[in-house]
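Student: Could you take me through one part of this model up close? I'd like to hear what sits around it and how it is paired.

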Amino acid sequence: MRALFPIALLLSLIAIAAWSGAAADNSTQPFRPAPAAAWPSHQTIGDVTFASVRYESDADTRPLFGKANLNEHGVLPVLLIIDNKGKDNLLLDTMHIEFTASGGVRIEPTPPSDLPYLISPKNPVNRPGLPSPIPLPRKRGNALSQVEIDSRAWGAKNLLPGESTHGFFYFQTTWRRSAYIYISGIRDARTQKELFFAEVPMDAPGDAGDAAPAAPPK
């Protein structure tokens, strides 16, 4: 009978540890970031407001991607938020996104399905990584094959009046000061004409708790 107590105690400790780990990892929970205008760095063009937010630290990435900090594998997740306060339906299916920085740096996002095949050292240099020329099978435990990476990726094709949408883009680069996201290809659903381009800075950190309330309109 004495041997039962240590076993029961051990099982209790394991259960507590598992519960604590689940509580700390919110990667399966719904993600609802603050509105675009609430972030310190945002841009408003007419009735549309954009915010792009970089996610670098473990504190930023863990609540969304679990144990995987994509930055350690040469990938910078950038959250894009778009708020449409106008009366027109916006088509986003031809929207084009680039990570842009000084020195002529222009990097297009990598599709989530391509991330597990990247060849990138743990501490990459400041240049895009290269995908493997051979489509190798995904290995179990690959940090870049987490289901959250795909489920949290950008997927919006249109944006109705008064609505907001968000999602992540993944760039093979490290953060660069004064970098911004270049956005083009947004069209008016009625006229099919491209509306504008936007250059949205990324100086704000990725913690949504740091987003300040939007300033009241003047």
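**A close look at strand β3**

Tutor: Sure, and keep in mind that this is a predicted model. Let's start with the neighbour on one side: strand β2, residues 48–54, runs antiparallel to β3, and 7 bridges join the two. To find your place along that pairing, go to Val48, whose bridge partner in β3 is Asn84. Now for the other pairing. Strand β10, residues 164–171, is also joined to β3, here by 8 bridges, and this pair runs antiparallel as well. A handy marker is Leu79, which stands opposite Phe168 in β10.

So how covered is β3 itself? Across residues 76–84, 9 of its 9 residues are buried, with buried taken as under 20% relative accessible area. Look at the two faces separately and you get cover on both. One side carries Leu76, Val78, Leu80, Ile82 and Asn84, all of them buried. The other side has Pro77, Leu79, Ile81 and Asp83, and these are buried too. That puts Asn84, the bridge partner of Val48, on one face, and Leu79, opposite Phe168, on the other.

For a bit of context, have a look at another sheet: 3 strands form an open sheet in the order β9-β4-β12, with antiparallel pairing. There, β9 (158–159) and β12 (187–188) are at the edges with a single partner strand each, so one side of each has no neighbour in the sheet. Strand β4, residues 90–91, pairs with β12 over 2 bridges, and Leu90 has Asp188 as its bridge partner in β12.

Technical notes
Residues numbered from 1 in each chain as written. Predicted model: local features only at pLDDT ≥ 70, side-chain atom pairs only at ≥ 80, totals over all residues. Heavy atoms only, no water. Buried < 20%, exposed > 50% of the residue type's maximum accessible area, 1.4 Å probe, protein only. Helix = DSSP H or I, 4+ residues; strand = E, 2+ residues; numbered from the N terminus. Pairing = 2+ DSSP bridges.
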